[in-house]
Each structure stands twice: as C-alpha cells, then as structure tokens.
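New to this one? Take a look at the sequence and the model first, then read the notes below.

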Amino acid sequence: MSIDSSASIEITALDWVPDFARAYVRDIRPRSACEEIGLDYAEHLISAINRPADHFLFQPWGQVPVLKDGGIRLFESGAILLHLAEKDARLMPRNAQARARARSPGCSPPIIASSRCFSSWAMSTSSRRTRSGRNCGGRA
Ligand SMILES: N[C@@H](CCC(=O)N[C@@H](CS)C(=O)NCC(=O)O)C(=O)O
C-alpha cells in the first residue's frame, strides 16, 4: 500500500460510494497507476453528498478524481494517467508502438451517463445512507 499522508502526490476521491459502484469510481485509475510503480500518494477524501465549494475550482463538475502533484493540479482520469505515466517507463514505454497502446485506455471517453446516474442516486438516497462504506477507489 502506498498511501502516505505526507506524499507530494494527492488524489482526491469521495468519502463514500454505494456498494454497486465500488471499484468502478475513477480514482481507481490514478491509484492503480501509483501502486503499479510504487509511487506514494496522499488521499484527500471529500464528501460525496456535499462537495466542498473549492473542489469545483479544480473539477468544474465536482467529480473525482483530481490530482495534485506539487504545484500542478489536474482533473480527468485519462489526463491524470498520462501525467503520472510521464514519471515511469513502466507506465509509458519508450517504444512507439507500446506507447501508443499504453495511451489507448487512458483516452477512453468518460462514462458520463453512469456518473450522472450516480449523482442522482446519491442525492435521492442521502437520507437513508450510512457513512460506513468510505472510499470509492475500490478499497472496501
Ligand atoms: N471523465 C471523468 C469522469 C469522472 C467521473 O465520472 N467521476 C465520478 C465517479 S466515477 C463522480 O465523481 N461522480 C459523482 C458525480 O458525478 O457527482 C474522469 O475520467 O475523471
């Protein structure tokens, strides 16, 4: 596990997701990339119900993930993956064909419909949810 609260890389994720969404929330992508190369990262968990206002400064739709890397902040998990991949040839190989293949999944289109569904679902069920299932990034 490479979660370290003092790491210079920080991944913003939601503090709770419904069971059906576990391991499908997109912070799993940068988390996996970091784990893959042993890069420590801090996690910044924000409320799934009441997103902090300043989160929208960095992600216009209030979604996750957002990555902070020193002074750099970026959103869109594909862009985040490309940023992280620059750090290590295991994520972005030097060979042209292998690089092209490595970029493909990171550029897949967002599943906008399902994230909108999740938003609606989260708002409509907020009164009966518990806070026990924290962290959407695939870690139960
Ligand atoms: N294209 C974005 C999609 C981000 C996205 O859909 N995030 C979802 C979780 S997987 C989210 O934050 N949903 C909550 C919401 O839409 O309010 C990416 O890949 O970063």
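**Quick briefing**

Let's start with one pair: Glu 10 has Lys 68 in E3 as its bridge partner. This is a predicted model, where local features need pLDDT of at least 70 and side-chain atom pairs count only at pLDDT 80 or more, while totals for chains, interfaces and linings use all residues. Residues are numbered from 1 along each chain as its sequence is written.

**The sheet**
- Strand E1 (residues 9-14) pairs with strand E3 (residues 66-69) in the antiparallel sense, over 4 bridges.
- Two strands pair if DSSP finds at least two bridges between them; strands (E, at least two residues) and helices (H or I, at least four) are DSSP runs, numbered from the N terminus.
- An open sheet is formed by 4 strands, ordered E2-E1-E3-E4, with mixed pairing.
- E2 (42-46) and E4 (72-75) are at the edges with a single partner strand each, so one side of each has no neighbour in the sheet.

**The core**
- The largest nonpolar core (buried Ala, Val, Leu, Ile, Met, Phe, Trp, Tyr and Cys residues joined through C-beta atoms within 7 Å) has 19 residues.
- Buried means that 20 or more other C-beta atoms lie within 10 Å of a residue's own, with C-beta atoms placed from the backbone.
- Leu 14, Val 25 and Leu 84 have the most contacts inside this core.
- E1, helix H1 (28-37), E3 and H2 each supply at least two of its residues.

**Helix H2**
- In H2 (residues 77-85), the buried residues include Ser 77, Ile 80 and Leu 81.
- Seen down the axis of H2, its buried residues fall within an arc of 135° (taken from the directions from the helix axis to the C-beta atoms), so they line one face of the helix.

Conventions:
A residue is buried if 20 or more other C-beta atoms lie within 10 Å of its own, exposed if 12 or fewer, and partly exposed in between; C-beta atoms are placed from the backbone.
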